[in-house]
Amino acid sequence: MTLFAIRPWRRLVQAGVLLAFIGIPFLNKAEYNALSGNFLAFNFAGVPLGDPLAALQVMTGALSATAPMLVGAGLALLLAALMGPVFCSWLCPFGFLSELAHRNKGCALPARGRPALSPRPFAARAAIVAAGLAAIPLFVPTPALNQLSMPGWYSRAMQHAVLYHEVLWGGVILIAAVLAAELVSGKRFWCRWVCPQSVLIGLAGLPLPARFRVRFNRSACTCAADDRACLAACHLCLNPRLTNAPQRAQCANCGDCVDACSGRGKALSMGFGKQIQCLRRPGRCPGPRRGK
Ligand code: SF4
Ligand code: SF4
């Protein structure tokens, strides 16, 4: 484990969050309530944190919202606006488990000359959210998209098991079934194609061009034409060298591609500021082209 690789630190944070949501219900049982709640609504020492999609569902269904709900959703969106969808790669316990299930197979690399990124996964999730927000309040009074929240199910299942001695079978079976399917298929299809929770945080990161992000400096890229280590490193099957809107909405700033590039030309880095990106217009790139 090198001190400067991002991934070991990310794994540490992911494992810490996963375990924290097992430990917090025990603290609550012992009547320590400075931390309480789940991934839909959480109390952090008096500061409300919340899932923006859960808040939006309540607001569109009931046309009302409480102040804690707005503050909680607003803080989550502010984090995403400044840092991108880091919730998915650093905090979400289901994302962590899904990455572990996926790690032995990896994404299939695209044919040479074809970009790895398809906008379809993000478009599919956005369609689920739009349809849910528009149609569900007409039929059911509850925020039904919460039933598709894997981090919500994970944290609620732990709460119910410890505090109420009951098993939330629906959530447990859903998580186990999706993980089993991802283990067998090698595809992270829930996070890439289904999860509606990540749509709003993905969109929140789009307006600020100088937010925290992966940056590609083509002039520093030293990889051979058939060496695409950064593509192989991305568990979301993105092309880290692209910067279009679907890419920015989906890239979770995990840093795995930056780690993969660090032993090569260090053309990929992470930081605040606008992207240097010339993959699609190589004639306009700063620095020498290297024939890729
Ligand atoms: S896409 Fe959804 S389930 Fe996947 S890591 Fe993000 S919030 Fe978690
Ligand atoms: S492009 Fe890089 S930082 Fe973004 S999700 Fe893929 S590996 Fe992680």
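Mentor: Buried means under 20% relative accessible area, exposed means over 50%, and partly exposed lies in between, using a 1.4 Å probe and protein chains only. By that rule, Glu99 and Arg11 are both buried. We are looking at a predicted model, in which local features need pLDDT of at least 70 and side-chain atom pairs count only at pLDDT 80 or more, while totals for chains, interfaces and linings use all residues. Residues are numbered from 1 along each chain as its sequence is written, chains are lettered from A and ligands numbered from 1 in the order written, and side-chain values use heavy atoms, with hydrogens and water left out.

Trainee: Happy to start there! How many helices and strands does the protein chain have?

Mentor: There are 13 helices and five strands, taken as DSSP runs numbered from the N terminus (H or I of at least four residues for helices, E of at least two for strands). Of the chain's 292 residues, 46% count as buried.

Trainee: Why is Glu99 called buried, and what about Arg10?

Mentor: Glu99 has a relative accessible area of 3%, and Arg10 has 0%. Both values are under 20%, so both residues are buried.

Trainee: What makes Glu99 and Arg10 a salt bridge?

Mentor: The term asks for a side-chain nitrogen of Lys or Arg within 4 Å of a carboxyl oxygen of Asp or Glu. For Glu99 and Arg10 the closest N and O atoms are 2.8 Å apart, so the pair qualifies. It links distant parts of the chain, with Glu99 in helix H5 (residues 93-102) and Arg10 in helix H1, 89 residues apart. Glu99 also forms a salt bridge with Arg11, at 3.0 Å between the closest N and O atoms. That second pair again joins H5 to H1, over 88 residues.

Trainee: How do you know that Asp256 and Arg7 also form a salt bridge?

Mentor: Their closest N and O atoms are 3.6 Å apart, and that lies within 4 Å, so they pass too. Asp256 sits in helix H13 and Arg7 in helix H1 (residues 7-29), 249 residues apart. Asp256 is buried at 5% relative accessibility, whereas Arg7 is partly exposed at 33%.

Trainee: How many salt bridges are there in the whole structure, and which residues are joined into one network?

Mentor: The search finds four salt bridges. Through shared partners, Arg7, Arg10, Arg11, Glu99 and Asp256 form one network.

Trainee: What makes H5 largely enclosed by the rest of the structure?

Mentor: Eight of its ten residues are buried, so it is described that way. Among them are Phe94, Phe96, Ser98, Glu99 and His102. The buried residues of H5 pack against H1, helix H4 (86-91), H7, H8, helix H9 (189-194) and H13, where contact means heavy atoms within 4.5 Å.

Trainee: Arg211 is buried, so how do you know that it has no salt bridge?

Mentor: The nearest side chain of opposite charge is Asp256 (Lys and Arg count as positive, Asp and Glu as negative; His and the chain ends are not counted), and it is 15 Å away, so the 4 Å limit is not met. A polar atom of the Arg211 side chain does lie 2.7 Å from the backbone oxygen of Gly205. Arg211 lies in the loop between helix H10 (197-204) and strand E4 (213-216). Leaving aside neighbours within four places in sequence, its contacts include Met83, Pro85, Arg248, Asn253 and Phe272.

Trainee: Why are Ala45 and His165 called exposed?

Mentor: Ala45 has 59% relative accessible area and His165 has 63%; both are over 50%, so both count as exposed. Each has a positive phi without being a glycine, near 50 degrees for Ala45 and about 55 degrees for His165. Ala45 is in the loop between strand E2 (41-44) and strand E3 (47-50), and His165 is in the loop between helix H7 (150-164) and helix H8 (169-185).

Trainee: Which residues bring H13 into contact with distant sequence at Ala260?

Mentor: Ala260, in helix H13 (residues 256-262), is in contact with Ala229, Cys230 and Ala233, leaving aside neighbours within four places in sequence. The C-alpha atoms of Ala260 and Cys230 are separated by 5.7 Å, although the residues are 30 apart along the chain.

Conventions:
A polar contact is a pair of N or O atoms within 3.5 Å; within protein, one must be able to donate a hydrogen and the other to accept it, and residues adjacent in sequence count only if both atoms are side-chain atoms.
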